[in-house]
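Reader: Hello! I'm new to this structure and would love a close look at a single part of it, along with its surroundings. Could you take me through it?

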Amino acid sequence: MASSKPQTPGVDLKSIIRSIPDYPKTGIIFRDISTLIADGSGFKQSVRQLAAPYLDQNIDKVVGIEARGFIFGGAVADLLGVGFVPIRKQGKLPGKVVGQDYELEYGSDRIELHEDAIAPGERVLLLDDLIATGGTASAAVDLVRRVEGEIVATAFVIDLPDLKGADLLREKGVAVHTLVAFEGL
Ligand code: AMP
């Protein structure tokens with residue numbers, strides 16, 4: 001008999017993300033996706049849930065942020081049948097790049113994108129494992145816009161809503177899709 005109930009996902013993704021207190025420093029709880037990606041059903045479900053809203057959105061490129069964004073981004077690109085483009089830390093990409101500085105709690109960092117990796121007007125889905133303050137993802141959005149890519153949306157496995165990164169992206173006119181949320185830092 002056909003059921004009208006929405007399909008419930010099989011795996012409780014939150015329960016297979018490991019939390020490590022005081023890493024990399026006191027007061028931070030590190031949300032470790034290595035336990036999620038080591039779980040075949042959990043990894044498969046997270047990739048499907050990240051991609052689901054974009055199956056019919058004519059995405060041209062999935063862009064992933066180094067390093068954990070590569071794991072989900074590569075799998076989502078394969079599922080959508082489109083190419084994958086890496087955004088990397090400064091000095092890692094061999095071709096001509098555009099770069100963007102962004103603020104960290106102490107000091108700043110820089111990410112880079114190959115300038116020819118996205119054609120003007122291409123529709124981009126930007127992926128990372130986690131959004132905290134949104135500084136990294138916001139800089140990545142700026143890079144994609146600099147090469148005239150169109151950001152259709154950003155997607156993250158984990159949101160830390162208290163750090164308001166998703167709000168920051170929405171204020172820039174960027175749609176945000178997240179799978180699970182953890183309160184606190
Ligand atoms: P932010 O720029 O503050 O949004 O930080 C996002 C980046 O830092 C992502 O690439 C995350 O992988 C990493 N990150 C920040 N906070 C955490 C955390 N509590 N646990 C795991 N990764 C984190």
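Author: Happily! One term comes in handy at the start: a residue is called buried when its relative accessible area is under 20%. Please keep in mind that this is a predicted model.

Let's look at H177. Its relative accessible area is 18%, so H177 counts as buried. You will find H177 in strand 9, which covers residues 176–181. The side chain of H177 comes to 2.8 Å from the backbone oxygen of Q49. Leaving aside residues up to four places away in sequence, H177 touches Q49, L50, P53 and Y54, and also T154, A155 and F156.

Now for the sheet around it. Seven strands form an open sheet with mixed pairing, in the order 5-6-4-3-7-8-9. Strand 9 and strand 5 (97–103) stand at the edges; each has a single partner strand, so one side of each lacks a neighbour in the sheet. From one strand to the next, the twist averages 20 degrees.

At the edge formed by strand 5, the pairing with strand 6 (residues 108–114) is antiparallel and runs over seven bridges. Here E103 stands opposite S108 of strand 6.

Two helices pack on this sheet as well. Helix 3 (residues 68–80) touches strand 3 (61–65), strand 4 (83–89), strand 7 (123–131) and strand 8 (150–159), and its direction makes about 140 degrees with that of strand 7. Helix 4 (residues 135–146) touches strands 3, 4, 5, 6, 7 and 8, with its direction at about 150 degrees to that of strand 5.

Conventions: Residues numbered from 1 in each chain as written. Predicted model: local features only at pLDDT ≥ 70, side-chain atom pairs only at ≥ 80, totals over all residues. Heavy atoms only, no water. Helix = DSSP H or I, 4+ residues; strand = E, 2+ residues; numbered from the N terminus. Buried < 20%, exposed > 50% of the residue type's maximum accessible area, 1.4 Å probe, protein only. Polar contact = N/O pair within 3.5 Å; in protein donor to acceptor, adjacent residues only side chain to side chain. Contact = heavy atoms within 4.5 Å. Pairing = 2+ DSSP bridges. Axes fitted to C-alpha atoms, helices over the stretch in contact; angles between N-to-C directions.
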